[in-house]
Amino acid sequence: MPKYIAKRLAYTIAILLTVAFAAYLIFTALPFDPAALTCGKSCSPSVIEANRRRLGYDLPMLQQFWIFLKGIFVGRTYGVGDVAFSCPAPSLGYSFTNKACVTDLLAQAFPVTLSLAIGALLLWLVVGVGLGVLAARFKNSPLDTASTVFVLIGTSMPTFLIGLLLLVFLVLKLNLVPLSLGGYSGPFDDFSGWFWQMLLPWCTLAFAFSAIYTRFTRSSVLETSSEDFVRTARAKGLSEGTILRKHILRAALAPIVTMAGMDFAGLLGGAILTETIFNLPGLGRLALSAVNNFDLPMIVATTIVAASFVIVMNLVVDIAYARSEEHTSELQSLAYLVCRLLLEK
């Protein structure tokens with residue numbers, strides 16, 4: 001097991017470096033002068049050249065990439081003398097558009113995206129997995145038909161339309177949810193305000209994901225229900241509830257957990273449409289603003305951060321699977337030894 005973890009860690013680091021280098025390569029291949037984008041249209045050639053030297057854009061691309069990597073661990077200083085300024089580690093660059101270190105901007109936006117991702121994850125798991133299990137348990141019933149309709153609607157409607165419909169009907173028409181589209185207050189500052197502000201974004205994301213998880217859970221539970229070990233459990237006289245809890249769900253939910261981990265990692269990179277609709281200052285809206293303003297350091301940083309979440313979560317899932325398989329093989333070996341001892345006696 002330690003050897004497998006070390007091997008997977010080496011692969012993960014190699015992939016992270018490849019993604020970072022690819023982002024930097026695209027960054028240098030764009031038909032823009034990054035130094036000219038650091039100031040307005042009235043920027044003089046002398047100022048552009050000074051910014052080019054200050055930010056290191058006059059250096060070869062490989063040297064720029066090395067300085068970028070080094071800045072993640074030790075920080076980075078831009079310029080010399082009285083005009084010099086620093087971004088402490090972990091430094092992912094400096095945004096002239098926002099006049100701030102990229103890491104500081106990411107640190108301000110990440111709690112918003114984290115709140116959105118966690119709340120949506122819990123909601124879509126409860127609704128999607130619960131409805132999928134019920135649809136499989138009561139196959140061909142009206143509940144199963146209703147879940148099929150829900151799946152068709154959820155997978156057909158785009159996210160932005162779901163968000164707009166929730167705003168129009170729940171906020172403007174029925175006044176069931178208070179309207180809060182400005183700023184962001186954390187759960188420890190104002191829990192009630194935070195909850196009502198995040199409720200509609202959670203529902204928007206959870207609606208689409210719940211439909212996918214309902215369909216996947218129903219198929220997985222039905223497939224597992226036809227396995228031999230389930231038929232053996234029924235032959236022993238176990239109740240359907242016990243079989244569902246201890247046998248079917250244990251096997252059927254394993255791939256769902258993996259899928260949920262990857263979807264959660266993807267959301268940590270930012271839910272652009274949802275954050276834009278509800279005016280949430282998260283990573284998705286930060287990335288969209290960077291694209292609109294040609295903020296190239298921010299674009300590179302958000303790309304690397306979003307990819308890192310997915311890659312690291314993939315590592316965690318692989319290690320968890322390997323760990324579970326190791327325990328399973330140990331239990332099988334123990335059962336084999338016990339059977340041999342009983343037969344010998």
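**Exercise 1: two loop residues and a cis bond**

Decide whether lysine 99 counts as buried or exposed, and find what is unusual about its phi.

*Solution.* Start with accessibility: lysine 99 comes out at 56% relative accessibility, so it counts as exposed (buried means under 20% relative accessible area, exposed over 50%, partly exposed in between, with a 1.4 Å probe and protein chains only). A quick word on the ground rules: this is a predicted model, where local features need pLDDT of at least 70 and side-chain atom pairs count only at pLDDT 80 or more, while totals for chains, interfaces and linings use all residues. Residues are numbered from 1 along each chain as its sequence is written, and side-chain values use heavy atoms, with hydrogens and water left out.

Next, locate the residue: lysine 99 sits in the loop between β3 and β4 (100-101). Helices (H or I, at least four residues) and strands (E, at least two) are DSSP runs, numbered from the N terminus. Now the backbone: lysine 99 isn't a glycine, yet its phi is positive, about 55°. Most residues other than glycine have a negative phi, and most peptide bonds are trans.

Now do the same for asparagine 140: where is it, and is it buried or exposed?

*Solution.* Asparagine 140 belongs to the loop between α4 and α5. Its relative accessible area is 66%, so asparagine 140 is exposed. Its phi is positive too, near 65°, in a residue other than glycine.

Finally, which residues does the cis peptide bond join?

*Solution.* Look at alanine 89 and proline 90, where omega is about -5°. Proline 90 is in the loop between β2 (85-87) and β3 (94-95).

**Exercise 2: a length check**

Test whether the end-to-end span of helix α10 agrees with its number of residues.

*Solution.* Helix α10 covers residues 254-268, which is 15 residues. The expected span of a helix is 1.5 Å times one less than its number of residues, so α10 should span 21 Å. The C-alpha atoms at its ends are 22 Å apart, which agrees. While you're there, pick out the buried residues of α10: Ile256, Thr258, Ala260, Gly261, Phe264, Ala265, Leu267 and Leu268.

**Exercise 3: what packs on α7?**

Describe how helix α5 (residues 142-156) crosses α7.

*Solution.* First the geometry: the axes come within 8 Å and cross at roughly 135° (axes are lines fitted to C-alpha atoms, for helices over the stretch in contact, and angles run from 0 to 180 degrees between N-to-C directions). That makes α5 oblique to α7; angles under 35 degrees count as roughly parallel, over 145 as roughly antiparallel, 65 to 115 as roughly perpendicular and the rest as oblique. The crossing is left-handed, meaning the near helix is turned anticlockwise from the far one by less than a right angle; clockwise would be right-handed.

Then the contact, defined as heavy atoms within 4.5 Å. Asp144, Ser147 and Phe150 are among the α5 residues involved, and Phe207, Arg215 and Arg218 are among those of α7. By type, the contact residues divide into seven nonpolar, five polar and three charged (Ala, Val, Leu, Ile, Met, Phe, Trp, Tyr, Cys and Pro count as nonpolar, Asp, Glu, Lys and Arg as charged, and the others, Gly among them, as polar).

Now work through helix α6 (residues 159-173) against α7.

*Solution.* The packing angle is about 135°, with the axes 9 Å apart, so α6 and α7 are oblique to each other. Their crossing is right-handed. Contact residues include Ile162, Leu166 and Leu170 of α6 and Leu200, Cys203 and Phe207 of α7. The tally is ten nonpolar, three polar and no charged.

Finish with helix α9 (residues 240-252) against α7 (residues 191-225).

*Solution.* These two pack at about 125°, axes 9 Å apart, and are therefore oblique. The crossing is right-handed. Ser220, Val221, Thr224 and Ser225 of α7 meet Ile248, Leu249, Ala251 and Ala252 of α9. Five of the contact residues are nonpolar, three polar and none charged.

**Exercise 4: two buried residues**

Find what alanine 109 and methionine 198 touch beyond their sequence neighbours.

*Solution.* Alanine 109 lies in helix α4 (residues 102-137) and is buried, at 4% relative accessible area. Leaving aside neighbours within four places, alanine 109 contacts Pro281, Gly282, Leu283 and Leu286. The C-alpha atoms of alanine 109 and leucine 286 are 7.4 Å apart, though 177 residues separate them along the chain.

Methionine 198 is in helix α7 and is buried, with 0% relative accessible area. Not counting residues up to four places away, methionine 198 touches Val112, Ser115, Leu116, Tyr184 and Leu280.
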